[in-house]
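Biologist: Please put the model on screen. I have some short questions about its fold.

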Amino acid sequence: MEQVTPHIFAETQYRGCNPGFVVTSEGIVMVDTPQMPTDALKYREEILKKGEVRYLINTEPHGDHFMGNCFFGGIGVAHEETRNRIVQTDMNAIKERMSMMDPGFKDLDSFTLRPPSVTFTQSMKIYSGDHEFVLLHLPGHTFSETAVFVPQERVVFTGDNIFYNCQTFFQEALPKEWLQSLKTLKTLEADFIIPGHGEICKMDYIDEQAAFIEDWIAAVKNAVEKGWSLEEAQERISFLDRYPMLSGMADFGPQLQKTNVGRLYALAFENRL
Ligand SMILES: [Zn+2]
């Protein structure tokens, strides 16, 4: 667990996303939850030393950000579309997968789906003690991607719109909107970013993330202009030399390149690239 500011803590070493939380004078505000149940239980112990959970915000609809929700209290908050996706989760399939990924965890009955109970569509503010939380809908890595800005701490939790020094996942990305969202992120008066994946970083990394997205777009546009088939594009385009994969996912690198090309190639033919 890393202390980012006097009131903000985050964990960047778990398999899955980077969960974090803010200690306010009226309780804890969490942003995302650990993916692995054994991690979630350890994380909960640490949090409860500092206070009761008051709010639990999810930044996006991928399982590595919300699977641990069931181990925590507080009022769940997320974008409306993030909630819509979470409620569709097939828990039996997840339990099966988790019993292989986290064999140390035996109490699978306690592992349940806990969707957010409060939703928004554009932006919302939450107040807790002296802290203000500004939730912003910033489409990019997913349609419903949400940033949580904490002005009093000069910190922004970006969800997966920032992958710090690791491979970027485009499986359902909206790259044009993503670049626009990064411009909005840059306007926030923050010193630190807690990214969805990778180490905690500074605001200047936003430009590097944007450049990587632009390079991906250019590579796939070039493939389409040259008349390459999808298979040819997937054969020839790889950015694996640029960044490492997320920890524990190294084997998935070549498949991720193919998935990214597939998504961007489809968008190019819809004129959305
Ligand atoms: Zn994601």
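**Sheet, helix and cores**

Modeller: Start with the hairpin that joins β1 to β2 through 2 residues. The model is predicted, with local features needing pLDDT of at least 70, side-chain atom pairs counting only at pLDDT 80 or more, and totals for chains, interfaces and linings using all residues. Residues are numbered from 1 along each chain as its sequence is written.

Biologist: How many bridges join β1 to β2?

Modeller: Strands are DSSP E runs of at least two residues, helices are H or I runs of at least four, and both are numbered from the N terminus. Two strands pair if DSSP finds at least two bridges between them. T5 has I8 in β2 as its bridge partner. β1 and β2 run antiparallel, and the number of bridges joining them is 3.

Biologist: Which residue in β3 stands opposite A10?

Modeller: β2 covers residues 8-10 and β3 covers residues 20-24. These two strands pair in the antiparallel sense over 3 bridges. Opposite A10 stands G20.

Biologist: Why is one side of β1 and of β7 left without a neighbour in the sheet?

Modeller: The open sheet has 7 strands in the order β1-β2-β3-β4-β5-β6-β7, with mixed pairing. β1 (2-5) and β7 (118-120) stand at its edges, so one side of each lacks a neighbour in the sheet because each has a single partner strand.

Biologist: What angle does the direction of helix α3 make with that of β6?

Modeller: Axes are lines fitted to C-alpha atoms, for helices over the stretch in contact, and angles run from 0 to 180 degrees between N-to-C directions. Helix α3 (residues 80-87) packs on the sheet, touching β6 (75-79) and β7. Its direction makes an angle with that of β6 of about 110°.

Biologist: Is E80 buried or exposed?

Modeller: E80 lies in helix α3. Beyond four places in sequence, E80 is in contact (C-beta atoms, placed from the backbone, within 7 Å) with T119, F120 and T121. Buried means 20 or more other C-beta atoms within 10 Å of a residue's own, exposed means 12 or fewer, and partly exposed lies in between. E80 has 15 such neighbours, so it counts as partly exposed.

Biologist: Which strand gives the most to the largest nonpolar core?

Modeller: A nonpolar core is a set of buried Ala, Val, Leu, Ile, Met, Phe, Trp, Tyr and Cys residues joined through C-beta atoms within 7 Å. The largest has 41 residues, and those with the most contacts inside it include F21, M30 and I57. With 5 residues, the strand that gives the most is β11.

Note on methods
Two residues are in contact if their C-beta atoms, placed from the backbone, lie within 7 Å.
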